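Thanks for coming, everyone. Please pull up the sequence and the structure, and follow along as I go.

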Amino acid sequence: MCDILVATPDATKEGIMIFAKNSDRDPNEAQILEFIPRQKHEEENVKLTYVEFPQVKETYAVILSRPWWMWGAEMGANEFGLVIGNTAVFTKLKVPERGILGMDIIRLALERTKSSREALDFIISLIEDYGQGGNGSYEHKLLYHNSFIIADKNEAWVLETADKHWVAKQIKDVYSISNALTIGNDWDLASESVEKLAKEKPNFSFAKYFSDRFYTHFAHGRERRAFTYKKLSEKKGEITLEYMMQILRSHQAKEFEPAKGSMRDICMHFGGLTRPSQTASSQISELYDDLPVHWFTGTSLPCLSIFKPIYFEAGIPDLGEKPTNKYNPNSYWWKFELFHRKFQTNYKAHIEEFVKDRDEIQQKIIEKERQVRGNPSPEDLRALTEWAFEEERKLMKMWNAKIKPGKLPFLYGRNWKKVNEKAGIKL
């Protein structure tokens, strides 16, 4: 389950495009944050997660946040300031068990296109020519189609699909998507099949016609989308980086605690069968003309994480060993995951004080980024990024010493015990 938000230059305080995404996955599905430079290729095909796809002679540099076991990515950016994210959508149409994942589509588009419109056209042609499919989960069966938000500094699009049927709409000010189709009959572009359906059926709605009611209902995507869209609409013309962070860190309950969380939460905490997902990583991109900055957590649960600035000019610091679905103390993602799981045993007792420390450090990093932005060298940017990661490490170390573990409610605790045992964690 995921949430993606976008605000165009007309809707933001600084007049820039801002893109944001929370990627929700199974709780042990660690996410890799990586920089892949521009590369030349001689091979004819590239192996995606499940299938091979024709390779190109050159792929562009990308920053990706991807589940550890996939070729593709949940979200990311390329060297031209193009950003893309996807969400699972559940439709009435069958999804093949082998095929091109929505996450593979993101990486292919980032590696091969330079603008939002070029990426939109590429993804449409890929879906029409090859289709989409494959299991989207490592631990269980999860088949779905995809919606995408695609943005560059000038233009943003939402693309929604049901098998090879699709509709697209250019975003004028703000938009958000979750795990439900949103476009009724107000598209700007559509597949020939959809145009034909619209002519044949009075009051045709793409979302109503193709949505699977059962899975769409229990994913609570419509409720999360209504929340994020309302939040964006309320601040049109005033949306900032800090406001996007606030939305991605939000929960529905004012007195939130993980055991009583909901699939309606934007910052999602695992809860068992009815709440199987947890936010695994988050991205916010500010698409400035001269120097785009991509703020990633590279860790789970944005309410317990710091967004760190990353630039193509400077790359990503050493984050230790690449994570898998097993606990590894030498992996940045798992170091913080262990801390997050300890924190959640007594979340309510500590969160108010923690948020004060978190926000103080986050603001300090944002202010430093604004100061460096003037005319920085790659060394300046690299030092800033490394310092931001180090500030988060210090926060974790300080709070690790402060946490007083609590006892989880019986069923909630049992669910976490199973997850922790799978990962090889003992709290």
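Let's start with helix α1, residues 102-112. Of its 11 residues, 11 are buried, so the helix is largely enclosed by the rest of the structure. Charged residues are on that buried list too, including D104, R107, E111 and R112. Beside them sit residues such as I105, I106 and L108, also buried. Keep in mind that this is a predicted model.

Next, charge pairs. Side chains of opposite charge can pair when their charged atoms come close. How many salt bridges does the count come to? It comes to 33. I'll show you a few.

Take K153 and D289. Their side chains meet in a salt bridge, at 3.8 Å from N to O. K153 is in the loop between β11 and β12, and D289 is in the loop between β16 and β17, so this pair ties together parts that are 136 residues apart in sequence. Are the two partners buried or exposed? K153 has 36% relative accessibility and counts as partly exposed. D289 is exposed, at 63%.

Now K236 and D173. Here the salt bridge is 3.3 Å, N to O. K236 sits in the loop between α6 and α7, while D173 sits in the loop between β13 and β14, so the pair ties together parts 63 residues apart in sequence. K236 is partly exposed, with a relative accessible area of 38%. D173 counts as partly exposed as well, at 24%.

The next pair sits within one helix. R341 and E337 form a salt bridge at 2.7 Å, N to O. Both lie in helix α8, residues 332-343. They are four residues apart, which is about one turn of the helix. Both R341 and E337 are buried.

Salt bridges can also link up into a network. Here E14, E286, D290, E369, R370 and R373 are linked that way.

Now for charged residues without a salt bridge. Find D24, in strand β2, residues 17-25. D24 is buried, yet it has no salt bridge. Which side chain of opposite charge is nearest to D24? That is R224, 4.7 Å away. A salt bridge needs a nitrogen within 4 Å of a carboxyl oxygen, so at 4.7 Å this pair does not count. What does the side chain of D24 make a polar contact with? Its partner is the side chain of T279, at 2.7 Å. D24 also touches other residues further off in the sequence, among them M1, C2, I266, M268 and A280.

R275 gives us a second case. You'll find R275 in the loop between α7 and β16. R275 is buried and has no salt bridge. The nearest side chain of opposite charge is D265, 5.6 Å away. Look at the backbone instead. The R275 side chain reaches the backbone oxygen of P258 at 3.0 Å. It also reaches the backbone oxygen of H269, at 2.6 Å. Contacts of R275 beyond its sequence neighbours include A259, K260, G261, M268 and F270.

Over to the surface. F214, Y215 and F218 form a nonpolar patch there. Together they have about 370 Å² of accessible area. Y215 lies in helix α5, residues 213-219.

Then a look at helix α10, residues 378-402, which holds R393. R393 is partly exposed, at 26% relative accessible area. Setting aside neighbours within four places in sequence, R393 is in contact with D318, Y332 and F336. Where is A61 from there? R393 and A61 are 332 residues apart in sequence, and 28 Å apart in space, C-alpha to C-alpha.

Last topic: backbone angles. Two residues here have a positive phi without being glycine. N203 has phi near 55°. N203 is in the loop between α3 and α4. It is exposed, with a relative accessible area of 76%. L301 has a phi of about 50°. L301 is in the loop between β17 and β18. Buried or exposed? L301 counts as buried, at 0% relative accessibility.

That's my tour. Happy to go back to any residue you'd like to see again.

Notes. Residues numbered from 1 in each chain as written. Predicted model: local features only at pLDDT ≥ 70, side-chain atom pairs only at ≥ 80, totals over all residues. Heavy atoms only, no water. Patch = residues over 30% accessible without salt bridge, like charges linked within 9 Å, V, L, I, M, F, W, Y side chains within 5 Å. Areas by Shrake-Rupley, 256 points an atom, 1.4 Å probe, with all protein chains shown as cover. Helix = DSSP H or I, 4+ residues; strand = E, 2+ residues; numbered from the N terminus. Buried < 20%, exposed > 50% of the residue type's maximum accessible area, 1.4 Å probe, protein only. Lys, Arg positive; Asp, Glu negative; His and termini not counted. Polar contact = N/O pair within 3.5 Å; in protein donor to acceptor, adjacent residues only side chain to side chain. Contact = heavy atoms within 4.5 Å.
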